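Student: Got a minute to go through this one with me? I'd like to start with burial and charge pairs.
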Amino acid sequence: MRNEILMRNLHDGAPTEGTTPRSRATRPAAGPTMVQQAYDHLLTALMTLQIAPDERIAIDQVARRLNISQTPIREALSQLEAEKLVFKMPNVGYRASPQMSRDEVRDLYTLRQLIEPYAAQRAADAMTPESIKVLEAIERDMSAIVEGDAATYSRFAEADDRLHRLIATLSGNRLIADTIERLHAHLHIFRALYRTNAPTEAAAEHRAIIDALVAGEGERAASAVRLHLESSQERMDRVLSRLETPAA
């Protein structure tokens, strides 16, 4: 179900103003289940830092806010726990996962390097006129972002998330798509905390990926993704180095 919603969002273009990469601006007519509703609400709260890393999650408050029982909320939290976005403490309840350590960031990028170039190569072979239109819209959004603008980081994160999720979906491998989606949730939280996006640099890297995808050149798309991931990891590492350096 989550992948079906994803494709609808991708085909609709950019998220509405004020939404996060994974928030649902519109819902299908039938509406999601209560578990899905709770999941979406909690995920958005985590990714926008409304629930900060390591903060306790009050299930009763979430239930009142959504006007549903606590049961679907607990089920949604179990899903988020499986994705390592929350964790459960005995006699305490659920808390948001702590911010990633340097080793965890490194491990995450190692996994991305293993699967995302492959996904891009497969996606290049699956290009359709519709997906090309989505890619062109993403590139327009990225090109319009102004470095230093207060809203730049959130808008760029939205476009970045849409690009990587589209590639994951077009890979045709649901396990890869689900894995990439989970990895990007962790990255988005980290970026929201430390604003590690470099829109000008990353936009150029994404443009190379998009050009290769639109041209249907799988090897070039895979190579462009590898270079982007290497640069992205270097940007993350610089931020973590500054955080770990003691003040003089």
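Tutor: First a cut-off: buried means under 20% relative accessible area, exposed means over 50%, and partly exposed is in between. Keep in mind that this is a predicted model.

Student: Fine. Is Arg162 buried or exposed, then?
Tutor: Buried. Arg162 has 3% relative accessibility, and the cut-off is under 20%.

Student: Which residue forms a salt bridge with Arg162?
Tutor: Asp141. The closest N and O atoms are 2.8 Å apart.

Student: And where do the two sit?
Tutor: Asp141 lies in helix H6, residues 129-143, and Arg162 lies in helix H7, residues 152-170. The pair therefore ties together parts that are 21 residues apart in sequence.

Student: Asp141: buried, partly exposed or exposed?
Tutor: Partly exposed. Its relative accessible area is 31%. So a partly exposed Asp141 pairs with a buried Arg162.

Student: How many salt bridges are there in the whole structure?
Tutor: The search finds 10. One of them joins the side chains of Arg106 and Asp103, at 2.9 Å from N to O.

Student: How far apart are Arg106 and Asp103 along the helix?
Tutor: Three residues, in helix H5 (residues 102-124). That separates them by about one helical turn. Arg106 is partly exposed, at 36% relative accessibility.

Student: What about Arg220, which residue does it pair with?
Tutor: Glu217. The closest N and O atoms of that salt bridge are 2.5 Å apart. Arg220 is partly exposed at 38%, and Glu217 is partly exposed at 37%.

Student: Which residues are joined into a network by shared partners?
Tutor: Glu201, Glu205 and Arg235. Salt bridges that share partners join them into one network.

Student: Switching to helices. How many residues does H2 have, and how far does it reach?
Tutor: Helix H2, residues 34-47, has 14 residues. From first C-alpha to last it reaches 20 Å, close to the 20 Å expected at 1.5 Å a residue.

Student: Why call H2 largely enclosed?
Tutor: Because 11 of its 14 residues are buried, H2 is largely enclosed by the rest of the structure.

Student: Which residues of H2 are buried?
Tutor: Among them are the hydrophobic-looking names you'd pick out by eye, including Val35, Leu42, Leu43, Leu46 and Met47. Gln36, Asp40 and Thr44 are also on the buried list.

Student: What happens just after H2?
Tutor: Leu49 takes a positive phi there, about 65°.

Student: Now Ser171. Where is it found?
Tutor: In the loop between H7 and helix H8, which covers 174-194. Ser171 is buried, with a relative accessible area of 1%.

Student: What lies 2.6 Å from its side chain?
Tutor: The backbone oxygen of Ala168 lies 2.6 Å from a polar atom of the Ser171 side chain.

Student: Which residues does Ser171 touch farther off in sequence?
Tutor: Leaving out residues up to four places away in sequence, Ser171 touches Ala119, Arg122, Ala123 and Ile176.

Student: Last topic, the second largest pocket. How much space lies in it?
Tutor: About 400 Å³. It is lined by 23 residues. Lys84, Ser97, Pro98, Met100 and His186 lie nearest its centre.

Student: Which elements give two or more residues to that lining?
Tutor: Strand E1 (86-89), H5 and H8. The largest share, five residues, comes from H8.

Terms used
Residues numbered from 1 in each chain as written. Predicted model: local features only at pLDDT ≥ 70, side-chain atom pairs only at ≥ 80, totals over all residues. Heavy atoms only, no water. Salt bridge = Lys/Arg side-chain N within 4 Å of Asp/Glu carboxyl O. Helix = DSSP H or I, 4+ residues; strand = E, 2+ residues; numbered from the N terminus. Buried < 20%, exposed > 50% of the residue type's maximum accessible area, 1.4 Å probe, protein only. Expected span 1.5 Å × (residues − 1). Polar contact = N/O pair within 3.5 Å; in protein donor to acceptor, adjacent residues only side chain to side chain. Contact = heavy atoms within 4.5 Å. 1 Å grid on protein atoms, 1.4 Å probe; cavity = no way out; pocket = protein on both sides within 12 Å on 5 of 7 lines; lining within 4 Å. Points joined across faces, edges and corners; volume = space filled by probe spheres on them.
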